[in-house]
Amino acid sequence: MKRAVCLVMVSCFLVFGVTALAFGWSLEEAAKPYAGATIRFITETTPPSYWIEEALPEFEKATGIKVIVERQAHPHLEEKALMDFAAGTGIYDVFNFDYSWTGKYVKAGYIEPFDKYINDPKLADPNNDLKDFYPRMWEGTSWDGVPYGYPFDSVIEYLFWNKAIFDKYGVAGPPKTPDEWMDAMAKLTHPPELYGTGMQAKRHLSIVCEWLNVLWAFDGELYDENYNVLVNNENAIKATEFYKKMAEYAPPGVTTWTWDDVNTALQQGIVAQAIQWDENYGSMEDPEESKVVGQMRYAPVPTARADGKPVSHYGGSSLGIPVSSKNKEAAFLFIQWATSYDVQLRGVGKGSSPTRRSIYQIPELRAKYPSFEATDAAAETTFWRPRIPEWDEMVEVLALELNSVVAGAKDVKEALATSAAKIEEILVKGGYKK
Amino acid sequence: MPNTSFSLYQRFSSWISKTENRFKWALILPTIVLLALITVYPTLYALRLALSDYNLARAAETLKGYIGLTNFREILRDVTFWTSLRTTVLFMAVVVTVEFFLGLVIALILQGVITRSKIVRTFILLPMIMAPIVVGLTWTYLYQSEFGLVTYILRQLRLMSYRTAPLADVRTALPALMVVDIWQWTPFLIMVLLAGLEALPTAPYEAARIDKAPPFLVFRKITLPLLKPVILIVLVLRIMDAIRVFDIVYALTEGGPGEATDVLSMFIYRNSFYLWNIGKASAISFVLLYIIMIISVILVNVLSRVKATV
């Protein structure tokens, strides 16, 4: 009798199991109604975008959905996207947006809330573990608790330091405090072959991002929770003086450099260290373009913070769907695929910049890519820049003033006073501060 | 049966002769329509934008719509506007002056010597026919801080320190851009002035030769006065172009370092594509348009009064 019950149970299990498999979610099944659709994906010229383009044929084959990838430099990405969204043309179906843009696009009503897709059993993959995305990146994708996409590109800015160069000159690394850091820069500057640090000091978003790390390292802030501007307080002045001094140990012309130039300089071993975005880890290990394979190490930005919190700067981006898109479901399937565990994992070293914790915790990958440990540690504690729509205007102000400081056209106090006055005006105009 | 085609032709030609005036208009009409579509309409639309609160990055319901001259008032209060206006005027004044004198000297040297050589002509025209963005990128490499050829030469001549680079220094960035513009547009002056020189009547020169006038006097008393109309035309064209300069600035410096190369077009670009404030950007465009118009009207007035007289 017992055996019979067992047998029935086992066969029931088998039958249900097989049925469940047959009727379970699959990308092929989910994509059937959208086969033949063409979607256009606008993204930044970043390593993960290149990886997605490389992996794309498998998605197209599985779904019958054609994807056109349009890569743009950071400012032009928005230029194209905003024109399309404002006019409601519906050219783009998938949009790679920086987390600092979330507020702007949500408030303008340009991007779709994601919960309706996440909760649609026909579209959402039940095996997609959304909890695996780092909380900060998930938060960056969301506005008022509602997600507007899936985190696509983990971009955390911290210190890239070349261990081989540090060792060669007998400098202990990584530097932990600003003093050690400046000392290392001085010891590692041997022009014109080698400079103590790279810098992204162009009048560009890059200088603002880089400087924010130093500002935070000196316990500075742009403004407090009540929007009282702090850019010209004592800590900010100290931080900016430090940032200016860094330029003495940087190659000539860093006032025209962005993250791209810093990356090349790191790859060529012209600079011993620099603050740089973690998504570039793969390019350091690529023997075709890098002279520093196996030499790069990663650490938080040296800090003098009272609370001792490690400093890094989160700058990641997510994939979302414009309200004007005419292929929203197909777009969702693409986003789900592009940010899936499997696709992110297979792209490691080929450009993929995973946003899922589980990938960073794979021991073999940690051994091969030293940045993985650093990113995993930073993802919990990383600082981030303002996400209010007025941030663009503040970038304009800060980029000009900071670049003027590094270029020697203005002194620190004057530049920060001007920045503070202008940021105050922006915050008042935006209605944050009376 | 009457010959229809013949009678049609007759009717047509009689219509023409009777209403020649109307016919003229019929011929111009397509051009007028085209011009209205591609210049008048966008200009009026831009004027509407300039008078409204229009920002791409803000929700439609938060925009105020028509706001009168607020944008213009904001611009005139903006310090950046005045610095970029000053930079633009300085840029224009220097490049047009240098290009003119260089162009005139080279045209005089080349006159009659090698003008008929196609190769020389091609080489002279080359910088001018290159796409502006290509010019920009080429010069970006020449000015590059590590391996740029110009940077290298400047350092070898001890004119520039190893601590800096042409586009990285607030003192040298604007002159560096001026050099690019001069390199690109002097050929235009050469070609136009050469054409002007070759078209001059020979009689005054023969008279001068008989009188054994010294070359400088010939130039000052004959060539220059005869060439005046041509000179004024190229100056008008170059001034209008130089005030609007954008492409090389965008490709080489984007207005930096600091505000050193912040020209008006860059100011417009940043307001529209970094700040999404299309209303304000349109207003600045109008200010730029007025500046160009005023200068052009003055120059064209001068031009209409100038006659090629010896």
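**Exercise 1. A helix across the sheet**

Task: In this predicted model, which strands of chain A does helix α14 lie across, and at about what angle does α14 run to β1(A)?

Solution:
- Step 1. Find helix α14 at residues 328-338 of chain A.
- Step 2. Look at the strands it crosses: β1, β2, β3, β6 and β11 of chain A, where β11 covers 317-320.
- Step 3. Compare directions: α14 runs at about 45° to β1(A).
- Step 4. Now try helix α4, residues 74-87 of chain A, which lies across β1, β2 and β3 of chain A. Its angle to β1(A) is about 140°.

**Exercise 2. The sheet beneath your finger**

Task: What is the order of the strands in the open sheet of chain A, and which strands stand at the edges?

Solution:
- Step 1. Read across the 5 strands of chain A: β2-β1-β3-β11-β6, with mixed pairing.
- Step 2. Check the two ends. In chain A, β2 (66-72) and β6 (150-153) each have a single partner strand, so one side of each has no neighbour in the sheet.
- Step 3. Look for the twist: on average, neighbouring strands of this sheet are turned by 30° against each other, direction ignored.
- Step 4. Zoom in on one pair. Strand β1 (residues 38-44) and strand β3 (residues 94-98) of chain A pair in the parallel sense over 2 bridges. In β3(A), A:V94 is the bridge partner of A:F41.

**Exercise 3. Two domains in one chain**

Task: Into which domains is chain A divided, and how many residues does each give to the contact?

Solution:
- Step 1. Mark the ranges on chain A: domain 1 takes 27-155 + 315-355, while domain 2 takes 157-313 + 387-429.
- Step 2. Locate the centres of these two domains of chain A, taken over C-alpha atoms; 30 Å separate them.
- Step 3. Count the contact: 18 residues come from domain 1 of chain A and 15 residues from domain 2 of chain A.
- Step 4. Ask which elements contribute. On the side of domain 1 of chain A that touches domain 2 of chain A, α3 (47-63) and α5 (102-107) of chain A each supply at least two residues. The largest share of that side, 4 residues, belongs to α5(A).
- Step 5. Sort that side of domain 1 of chain A by class: 4 nonpolar, 10 polar and 4 charged residues.

**Exercise 4. Compact or spread out?**

Task: Is chain A as compact as a globular protein of its length, or more spread out, and what about chain B?

Solution:
- Step 1. List the elements. Chain A has 20 helices and 12 strands.
- Step 2. Take the radius of gyration of chain A, 24 Å, and set it beside the 22 Å that the globule rule gives for 434 residues. The values are close, so chain A is as compact as a globular protein of that length.
- Step 3. Turn to chain B, with its 13 helices and 2 strands.
- Step 4. For chain B the radius of gyration is 26 Å, well over the 19 Å from the globule rule for 310 residues, so chain B is more spread out than a compact globule.
- Step 5. Add the boxes filled by the C-alpha atoms, taken along the principal axes: roughly 85 × 50 × 40 Å for chain A, and roughly 90 × 75 × 40 Å for chain B.
- Step 6. Finish with burial: buried residues make up 52% of the 434 residues in chain A and 30% of the 310 residues in chain B.

**Exercise 5. Where the chains meet**

Task: How many residues of chain B are in contact with chain A?

Solution:
- Step 1. Count both sides: 25 residues of chain B are in contact with 28 residues of chain A.
- Step 2. Sort the chain B side by class, which gives 13 nonpolar, 5 polar and 7 charged residues.

Notes: Residues are numbered from 1 along each chain as its sequence is written. Chains are lettered from A and ligands numbered from 1 in the order in which they are written. This is a predicted model: local features need pLDDT of at least 70, side-chain atom pairs count only at pLDDT 80 or more; totals for chains, interfaces and linings use all residues. Two strands pair if DSSP finds at least two bridges between them. Axes are lines fitted to C-alpha atoms, for helices over the stretch in contact, and angles run from 0 to 180 degrees between N-to-C directions. Two residues are in contact if their C-beta atoms, placed from the backbone, lie within 7 Å. Ala, Val, Leu, Ile, Met, Phe, Trp, Tyr, Cys and Pro count as nonpolar, Asp, Glu, Lys and Arg as charged, and the others, Gly among them, as polar. The radius of gyration is taken over C-alpha atoms; the globule rule is 2.2 Å times the number of residues to the power 0.38. A residue is buried if 20 or more other C-beta atoms lie within 10 Å of its own, exposed if 12 or fewer, and partly exposed in between; C-beta atoms are placed from the backbone. Domain bounds come from an automatic or database domain assignment.
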